[in-house]
Amino acid sequence: MATVEIKVPDIGDFDEVAVIEVLVKVGDTVKAEQSLITVESDKASMEIPSSQAGVVKELKVEVGSKVKEGSVVLVLEGEAAGATAAPAPAPATATASAAAPQAAAPAPAAAAAAAPAAAAGPIEVKVPDIGDFKDVAVIEVLVKPGDTIKVEQSLITVESDKASMEIPSSAAGVLKELKVKVGDTVNIGDLIAIVEGSGGGAAAPAPAPAPAAAAASAAAPASASAPAPAAAASAPAAAAPAHDPTVAPSGKMPHASPSVRKFARELGVPLEEVKGSGLKGRITQEDVQAFTKAVMSGAASTKAAGATAPAGGGGGEALGLIPWPKVDFTKFGSVERKDLSRIKKLSGANLHRNWVMIPHVTNNDEADITELEAFRVSTNKENEKSGVKVTMLAFVIKAMVSALKKFPDFNTSLDGDQLVYKNYYNIGFAADTPNGLVVPVLKDADKKGVLQISQEMGELAKKARDGKLGSADMQGGCISISSLGGIGGTHFTPIINAPEVAILGLSKGQMKPVWDGKQFVPRLTLPLSLSYDHRVIDGASAARFNAYLGQVLADFRRVLL
């Protein structure tokens, strides 16, 4: 075997760049295009790949070294005698570094190295390294044989006693065989599935790094009557660790290389919560693994959406409160203990955070829905054969879109000291399930009629009851609606689903005598309870919003205005 020198390829118009990470060590067997080092200028970072496969015999650089085009990175013992170093492929487009996240300078002009196509044929998909834990339970299977899956598409959800996470596929193709089922336990390296590669799908994460992006994972919504949705059934992202909204966004991109970012995305790890141990606080793969291990073991319980809330809402010491009382209930009589459902475990921390951190105020009002209810009943009679049942909630969703357009401050989210105004209208609604309430999100409600809204709500509600809601079904909400109309009550205070700024509660409609100027007449009224974030919305705006919503429901022709 011949030894060859692997050199830095053309990385653009840079004189010298710093080596900030060495990704291999002497003795490692590397593949062609496998990343060897990460370099960083004052504007961007990129990974330098190997131009051929072989065994690392000698490293010529270390963290802190300066390199430029033509610098020798390492000596490789190639597989073919007399092999010479082929022209090194240019690294993928550089990503914005944490040192200069808002730099306007362009990334180095380097062509992305094409990832090799996966060979056609059966490919084994196994549990990746997601931390030092054993025998985690499979609680959800997200695919079935015959499905066409993509690289990084979630296949199963696993759960320890502290957190849940989704396991992604490392290959694209057609799922031929599942090797696990709900109730099984798995460990790192266990076979999950057999995928028939298409010949064009990637059999493993592509070595060419993807553009870096901050791993912002939205907190799972939760309300008093409609607790946390996404994290319960299968979060972002509902992977183990989720975004900690108690930490204000810094506006800076986490300091990590593209390969580490990809690794973090595969595990659902929010990089902004990981403390880097590398040079200048750079996050390494070991840091990501350690973070995941901490979450799965419960050490990072309060920062993970998958972590259980302290028993009885404990932890009040951090707020200057006395500890939660510990009581031996058996001293007073017979007791029975039951574990909280997974949904309730996951929603508890969100409910507590949202109630403590958001200054809630609730505006109560009523809408006259006499004519609207009559129209709803007649519509259902006319469309009886279609199988689509129109509910009052469908009309409320459509009216909500009209109100959001008139009062755009309600269609925002707080991001540090800025308000993010959304130009889309996705409405979350509470769906009851045997294990608790979840909040699927109806997308683009402004582009749909009441019949289509009713149909999609029915489909989402069924998926929720069957435990088949995906993370995409519960993300991107602008405002949520928690309806108790089918049960009872007059008014209540729903808890806002962070990062939304308001939530509407609906109680049971009731007939009331209403003065029309001459006499009292019976009218059907619907109680409206609007909780809002007082940091964003003042009382007068909330009152106007609720009043306008009531006017639209009283005369639905206003939707056309």
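How many of the 561 residues of the protein count as buried, as a percentage? The figure is 46%. The model shown is predicted. The views below start with the whole chain and then move in.

**Figure 1. The whole protein holds eight helices and 28 strands.** About 26700 Å² of the protein is exposed. Carbon and sulfur atoms supply 54% of that area. Now take the contacts with a sequence separation of 6 or more. Of these, 67% join residues 24 or more positions apart.

**Figure 2. The largest nonpolar core contains 51 residues.** Six of them touch the most other members: Val396, Phe410, Ile427, Ile481, Leu504 and Leu553. Several elements give two or more residues to this core. The helices among them are α6, α7 (450–465) and α8 (539–554). The strands are β21 (427–429), β25 (479–483), β26 (502–506) and β28 (520–533). Which element gives the most? That is α6, with 11 residues.

**Figure 3. Phe410 is shown with its contacts.** Neighbours within four places in sequence are left aside here. Phe410 then touches Leu404, Cys478, Val501 and Ala502, among others. The list also includes Leu530, Ile537, Ser541, Ala542 and Phe545. Two of these partners, Ala542 and Phe545, are buried residues of α8.

**Figure 4. Ser402 sits in helix α6, which runs over residues 392–406.** Is Ser402 buried or exposed? Its relative accessible area is 10%, so Ser402 is buried; the cut-off for buried is under 20%. Residues up to four places away in sequence are not counted as partners here. Ser402 touches Tyr548, Val552, Arg558 and Val559. Tyr548 and Val552 are themselves buried residues of α8.

**Figure 5. Helix α7 has 16 residues.** From first C-alpha to last, α7 reaches 22 Å. That is close to the 22 Å expected at 1.5 Å a residue. Its buried residues are Val450, Ile453, Ser454, Glu456, Met457, Leu460, Ala461 and Ala464. What covers them? The cover includes helix α6 and strand β21. It also includes β22 (431–433), β23 (436–438) and β24 (441–442). Gly467 follows the helix. The phi of Gly467 is positive, near 70°.

**Figure 6. Helix α8 also has 16 residues.** Its first and last C-alpha atoms are 22 Å apart, close to the expected 22 Å. Buried in α8 are Ala542, Phe545, Asn546, Tyr548, Leu549, Gly550, Val552 and Leu553. The cover over these residues includes β18 (360–368) and α5 (370–382). Helix α6 and strands β26 and β28 are also part of it.

**Figure 7. Ile487 lies in the loop between β25 and β26.** Its relative accessibility is 72%, so Ile487 counts as exposed; the cut-off for exposed is over 50%. How far apart are Ile487 and Lys508 in sequence and in space? They are separated by 21 residues in sequence. In space, they are 6.7 Å apart, C-alpha to C-alpha.

**Figure 8. Four residues make a nonpolar surface patch.** They are Val327, Phe329, Phe332 and Val335. The patch covers about 420 Å². Phe332 is in the loop between α3 (285–297) and α4 (342–357). Its relative accessibility is 66%, so Phe332 counts as exposed.

Definitions and conventions
Residues numbered from 1 in each chain as written. Predicted model: local features only at pLDDT ≥ 70, side-chain atom pairs only at ≥ 80, totals over all residues. Heavy atoms only, no water. Helix = DSSP H or I, 4+ residues; strand = E, 2+ residues; numbered from the N terminus. Buried < 20%, exposed > 50% of the residue type's maximum accessible area, 1.4 Å probe, protein only. Contact = heavy atoms within 4.5 Å. Patch = residues over 30% accessible without salt bridge, like charges linked within 9 Å, V, L, I, M, F, W, Y side chains within 5 Å. Areas by Shrake-Rupley, 256 points an atom, 1.4 Å probe, with all protein chains shown as cover. Salt bridge = Lys/Arg side-chain N within 4 Å of Asp/Glu carboxyl O. Core = buried A, V, L, I, M, F, W, Y, C linked by side-chain atoms within 4.5 Å. Expected span 1.5 Å × (residues − 1).
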